[in-house]
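Here are some short exercises to work through with the structure open. Try each task yourself before reading on to the solution.

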Amino acid sequence: MAAVSFDEKVLAAKKIICDIEGTTSSISFVKDVLFPYALKHVEEYLKSHWSEDATKTVVAALREQADEDKKAEVEGVVTIPAEDSEDIIPDVVKNVEWQMSQDRKTGALKTLQGLVWAQGYKDGTIKGHVYEDVKKALEQWNESGRKVYIYSSGSVDAQKMLFEHSEQGDLVKYLAGYYDTKIGAKQEKNSYEALLKNIEATGEEALFLTDVVAEAKAAKEAGLNVVVLDRPGNAELSEEDRKEFTVISSFTDLPLESAKSAETENGAEKEEKATESTEKVAAETEKEAVETETAAAAETENGAEAENGASKRKIDETAQDDEAQVYPNKR
């Protein structure tokens with residue numbers, strides 16, 4: 001891959017916002033591991049946790065969503081009876097299967113998926129996939145004083161579980177915050193403006209990493225620096241996309257450590273200049289001290305000479321007086 005050139009603002013970014021699918025983790029992990037797991041275990045989960053408040057809440061949300069879909073005459077919608085007994089579990093499962101077949105990302109569906117995945121992460125059945133370069137990059141970015149955030153269409157709980165139970169260990173300690181579509185759709189400019197406000201950063205201070213061009217454009221419109229990931233299995237990028245955005249295939253292609261080095265070098269340069277300034281002041285002070293000491297010595301010497309002269313005159317005068325007394329008629 002040809003060397004990539006980066007805008008200075010990209011390298012100077014202090015807040016890094018990462019997408020998950022196609023950016024930190026493979027798209028196939030979500031598609032081929034998480035989604036099938038949710039489909040396979042949703043009925044089992046509902047039966048085992050039916051009496052829990054979290055389950056009742058999510059089922060009520062699924063029912064409400066189904067009713068809205070029916071009113072909107074959404075084709076194929078599967079409604080859920082207004083009952084609390086376990087007898088409606090098959091209807092809930094059918095609703096989930098229908099939504100997932102349509103690749104829907106409703107809040108209620110994502111919440112239930114998250115609950116099912118949590119069980120899988122907890123018992124070790126699922127390990128979150130992250131690319132090999134991710135952990136090292138997160139470590140370096142943290143060491144350089146940068147803060148890293150996650151912004152994904154998956155629920156915040158699902159995001160946390162993926163990084164807590166990743167194949168490379170617990171990575172949560174490297175992440176400063178998580179955001180999902182509750183802050184806004186990922187292809188809308190306003191979402192990124194809201195995100196910037198939330199993390200207390202300007203667009204110039206933030207860098208967004210994603211594999212989706214539509215998201216990249218929305219973030220760019222909001223003033224963020226953007227770099228697009230071209231990972232294996234990601235959607236193919238057009239020539240226009242590559243001209244508009246900086247494209248990398250790995251976090252190792254993003255030399256943010258150079259920004260750290262530059263910061264260190266600048267600090268060393270400032271320290272060197274400060275040392276030079278201190279030495280210069282010290283030299284000038286020493287010079288002034290020597291000059292003052294020399295002047296004082298000269299003044300002392302002049303004073304001594306004057307005092308000696310006065311003493312000599314006094315002695316001469318005394319001698320003359322004595323001589324006048326002894327030889328009064330000498331003159």
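**Exercise 1.** In this predicted model, decide whether Lys220 is buried, partly exposed or exposed, and find its salt-bridge partner.

*Solution.* Start with the surface: Lys220 has a relative accessible area of 42%. Buried means under 20% and exposed over 50%, so Lys220 is partly exposed. Next, look for a carboxyl partner: Lys220 forms a salt bridge with Glu244, with 3.5 Å between the closest N and O atoms. Then place both residues: Lys220 belongs to helix α9 and Glu244 to helix α10 (residues 239-244), so the pair ties together parts that are 24 residues apart in sequence. Finally, check the partner: Glu244 is partly exposed, at 35% relative accessible area.

**Exercise 2.** Lys186 takes part in a network of salt bridges; find which residues are linked in it, and work out whether Lys186 is buried or exposed.

*Solution.* Begin with one contact: Lys186 and Glu215 meet in a salt bridge, at 3.4 Å from N to O. Lys186 sits in the loop between β3 (177-179) and α8 (189-199), while Glu215 sits in helix α9 (residues 213-221), so the pair ties together parts that are 29 residues apart in sequence. Now extend the picture: Asp19, Lys186 and Glu215 are linked in a network of salt bridges. For the accessibility, use the cut-off of under 20% for buried. With a relative accessible area of 6%, Lys186 is buried, and Glu215 is buried at 8%.

**Exercise 3.** Which residue forms a salt bridge with Arg104, and where do the two lie in the chain?

*Solution.* The partner is Asp69, and the closest N and O atoms are 2.6 Å apart. The pair links distant parts of the chain, 35 residues apart: Arg104 is in the loop between α4 and α5 (107-122), and Asp69 is in helix α3. As for accessibility, Arg104 counts as partly exposed at 23%, whereas Asp69 is buried at 5%.

**Exercise 4.** Sort residues of helix α6 into buried and exposed, and explain why the buried ones lie on the same side.

*Solution.* First list the buried residues of α6 (residues 132-143): Asp133, Val134, Ala137, Leu138 and Trp141. They cover an arc of only 130° around the axis, which puts them on the same side of α6. Then turn to the other side, where Glu132, Lys136 and Glu143 are exposed. To finish, step just past α6: Gly145 takes a positive phi of about 90°.

Conventions. Residues numbered from 1 in each chain as written. Predicted model: local features only at pLDDT ≥ 70, side-chain atom pairs only at ≥ 80, totals over all residues. Heavy atoms only, no water. Buried < 20%, exposed > 50% of the residue type's maximum accessible area, 1.4 Å probe, protein only. Helix = DSSP H or I, 4+ residues; strand = E, 2+ residues; numbered from the N terminus. Arc of directions from axis to C-beta. Salt bridge = Lys/Arg side-chain N within 4 Å of Asp/Glu carboxyl O.
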